[in-house]
Amino acid sequence: MLYVKAPAKINLTLDVLYKRPDNYHEVEMIMTTVDLADRIGLENRNDGNIHIVSTNGFIPSDNRNLAYQAAQLLKDTYGVKEGVTITIEKEIPIAAGLAGGSSDAAATLKGLNELWNLNLSIDTLAELGAKVGSDVSFCVYGGTALATGRGEKIQNIASPPPCWVVLAKPKIGVSTAQVYGGLSLDEVEHPNTKQMLQALESGDYDLMCESVGNVLESVTFKLHPEVVMIKEQMKRFGADAVLMSGSGPTVFGIVDHESRISRIYNGLRGFCDEVFAVRLIGERNTLA
Ligand SMILES: C[C@@](CO)(OP(=O)(O)O)[C@H](O)COP(=O)(O)OP(=O)(O)OC[C@H]1O[C@@H](n2ccc(N)nc2=O)[C@H](O)[C@@H]1O
Ligand SMILES: Nc1ncnc2c1ncn2[C@@H]1O[C@H](COP(=O)(O)OP(=O)(O)O)[C@@H](O)[C@H]1O
């Protein structure tokens, strides 16, 4: 069995520039990887089938699973005869704004590249990933990046200075399509992406905390007011920056010292079942 780690992401900024004719939204977002990960196991099958086994009964085990789609895409594109059993040990909350499914797909692409001896470059895997979902290319590279286009154009950037992150997910799940669909661009406050880039480039923790912003908050907050409450609690317990990740509903809080995490973590556990205290993963992926 080959094991591959599939970490979650958070969006430090998420801006939407306009709605495109293809119904996607042109975005500009800064994403970074956090140390909360699913574990993907890959084992060859002689019957040519793709088979999903998961520790979590709430994700699809058929061709709606993004890891399944990634394996199918490799089989179709490169005429692979082998099949694969994909085991997904789920740690990342589902439909949470943390790209769990996208990261499973990215890990599957990287792992099968090795298992099936395809010798594809990381750029090729990222291009293939974009066909599975907008966030998959970023997940192939990991680290910290500026993502543009519909999210699939990736530019590697400096990672945040050392810090810790508390993630809190309320019991609801949100549909990304519904959130983008509910966005009205004349009502939002756009984040300052340039300022965030400067903050990361210069390793300026305070400026980074000042520069977080996500236009999708306006939509998810209206749909689910409990997310606003979690954001307020996170601030009250002392986080330096607090933001919803992606389309939500997960809210993250940043602190610069490990000793400050437990107050926020313990405080939030009273409101949410799923709370995690994690490090950021600064390093970009290379192929094994
Ligand atoms: C909002 C973000 C921010 O990182 O993350 P999540 O909240 O899903 O984690 C992403 O843009 C989500 O990317 P991903 O979840 O891969 O989206 P996709 O599967 O490609 O698209 C799902 C649906 O979202 C909408 N969509 C997605 C991306 C985009 N740039 N514009 C859109 O309008 C479209 O309606 C699309 O049909
Ligand atoms: N491997 C997977 N893990 C989680 N969800 C998956 C997976 N494959 C498909 N999905 C579906 O994708 C949807 C979004 O899931 P996820 O990637 O966890 O959230 P998000 O897009 O908010 O980051 C869910 O409704 C789920 O049914």
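In the predicted model, S102 counts as buried, because 27 C-beta neighbours lie inside 10 Å and 20 or more are required for that class. S102 is part of helix α2. Residues up to four places away in sequence aside, S102 touches L66, G133, D135, V136 and C139. The UniProt record (unreviewed entry) includes S102 in a feature named "binding site", together with P93, I94, A95, A96, G97, L98, A99, G100, G101 and S103.

G97, also listed in that UniProt feature, is located in the loop that joins β4 (83–89) and α2. G97 is likewise buried, since 30 other C-beta atoms are found within 10 Å. When neighbours within four places in sequence are left out, the contacts of G97 are M244, S245, G246, S247, G248, P249 and T250. These contacts of G97 fall in residues 196–272, a span for which UniProt (unreviewed entry) gives "domain: GHMP kinase C-terminal". The span 196–272 is 55% helix and 14% strand, and its end C-alpha atoms are 29 Å apart.

Ligand 2 is surrounded by 20 residues, of which N65, L66, G100, G101 and D104 come nearest. By class, the shell comprises 10 nonpolar, eight polar and two charged residues. At least two shell residues come from each of α1 (66–78) and α2 (100–115), and α2 makes the largest contribution, with four residues. Both domain 1 (2–156) and domain 2 (164–281) take part in the shell around ligand 2, each with at least three residues.

Terms used. Residues are numbered from 1 along each chain as its sequence is written. Chains are lettered from A and ligands numbered from 1 in the order in which they are written. This is a predicted model: local features need pLDDT of at least 70, side-chain atom pairs count only at pLDDT 80 or more; totals for chains, interfaces and linings use all residues. A residue is near a molecule or strand if its C-beta atom, placed from the backbone, lies within 6 Å of it. Ala, Val, Leu, Ile, Met, Phe, Trp, Tyr, Cys and Pro count as nonpolar, Asp, Glu, Lys and Arg as charged, and the others, Gly among them, as polar. Domain bounds come from an automatic or database domain assignment. UniProt positions are given in the numbering used here, feature names are shortened, and annotations may be inferred rather than shown by experiment. A residue is buried if 20 or more other C-beta atoms lie within 10 Å of its own, exposed if 12 or fewer, and partly exposed in between; C-beta atoms are placed from the backbone. Two residues are in contact if their C-beta atoms, placed from the backbone, lie within 7 Å.
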